[in-house]
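Colleague: I am new to this one. Please take me through it in short steps.

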Amino acid sequence: MNEYYTHCDNCDDLISRENAYELDDNYYCSRCYHEKTHVIHSYSHKPTAIFYGEGKRFLGVELEIDRGGKDTDNAQELLDIANDAETQSHSIY
Ligand SMILES: [Zn+2]
């Protein structure tokens, strides 16, 4: 067995260690990990946009938080902080 590869504990797909997600001492591929956690979305994830107000143009902000790692608890905490900040920004107007 190549030490750079492992198997996803859920679907048994061969995945590189680099792309393996560790959760409770098991390794998962990106898809299975995200299915299990539902918190961290894949890079291609596109959330449903919610439009406020009326008009022809809408502005959107994509907030990226770096160095959060792949830890679900961290992700949930960062999401809470980010979403709270977003809610507060609405009251500026
Ligand atoms: Zn998998």
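Colleague: What pattern does the protein follow, read along the sequence?

Modeller: This is a predicted model. It holds two helices and four strands. Read along the sequence, the pattern is β-β-β-β-α-α.

Colleague: Where is confidence lowest in the protein, and where is it highest?

Modeller: The mean pLDDT of the protein is 77, and 72% of its residues reach 70 or more. Strand S2, residues 14-16, has the highest confidence, at 94. The lowest is a mean of 67, and it belongs to helix H2, residues 72-90.

Colleague: What share of the residues in the protein is buried?

Modeller: A residue needs 20 or more other C-beta atoms within 10 Å to count as buried. The protein has 93 residues. Buried residues make up 11% of them.

Colleague: Which residues make up the largest nonpolar core?

Modeller: In soluble globular proteins, nonpolar side chains tend to be buried together. Here the largest nonpolar core has seven residues in all. They are Ile15, Ala20, Tyr21, Tyr28, Cys29, Cys32 and Tyr33.

Colleague: Take tyrosine 28. Is it buried or exposed?

Modeller: Tyrosine 28 sits in strand S4. The cut-off for burial is 20 or more other C-beta atoms within 10 Å. Tyrosine 28 has 24, so it is buried.

Colleague: Which residues is tyrosine 28 in contact with, leaving aside neighbours within four places in sequence?

Modeller: Two members of the largest nonpolar core, Ala20 and Tyr21, are among the contacts of tyrosine 28. Tyr33 also belongs to that core and touches tyrosine 28. The full list is Cys8, Asp9, Asn10, Ala20, Tyr21, Leu23, Tyr33 and Lys36.

Colleague: How far apart in space are tyrosine 28 and aspartate 12, C-alpha to C-alpha?

Modeller: In sequence, tyrosine 28 and aspartate 12 are 16 residues apart. In space, C-alpha to C-alpha, the distance between them is 8.5 Å.

Colleague: Which residues does tyrosine 33 touch, not counting those up to four places away in sequence?

Modeller: Tyrosine 33 is part of the largest nonpolar core. One of its contacts is Tyr28, which lies in strand S4. The contacts of tyrosine 33 are Tyr21, Leu23 and Tyr28.

Colleague: Why does threonine 6 count as buried?

Modeller: Threonine 6 is found in strand S1, residues 5-7. Burial takes 20 or more other C-beta atoms within 10 Å. Threonine 6 counts as buried because its C-beta neighbours inside 10 Å number 20.

Colleague: Which residues does threonine 6 touch, not counting those up to four places away in sequence?

Modeller: Two of the contacts of threonine 6 are Ile15 and Ala20, and both are in the largest nonpolar core. The full set is Ile15, Arg17, Ala20 and Tyr27.

Colleague: Now the loop between S3 and S4. Is aspartate 24 there buried or exposed?

Modeller: Aspartate 24 lies between strand S3 (21-23) and strand S4 (26-28). Its phi is near 50 degrees, positive in a residue other than glycine. A count of 12 or fewer other C-beta atoms within 10 Å means exposed. Aspartate 24 has 7, so it is exposed.

Colleague: What is the phi of aspartate 25?

Modeller: Aspartate 25 lies in the loop between S3 and S4. It counts as exposed, because it has 6 C-beta neighbours inside 10 Å. Aspartate 25 is not a glycine, yet its phi is positive, at about 70 degrees.

Terms used
Residues are numbered from 1 along each chain as its sequence is written. This is a predicted model: local features need pLDDT of at least 70, side-chain atom pairs count only at pLDDT 80 or more; totals for chains, interfaces and linings use all residues. Two residues are in contact if their C-beta atoms, placed from the backbone, lie within 7 Å. A nonpolar core is a set of buried Ala, Val, Leu, Ile, Met, Phe, Trp, Tyr and Cys residues joined through C-beta atoms within 7 Å. pLDDT is the predictor's confidence in each residue, from 0 to 100.
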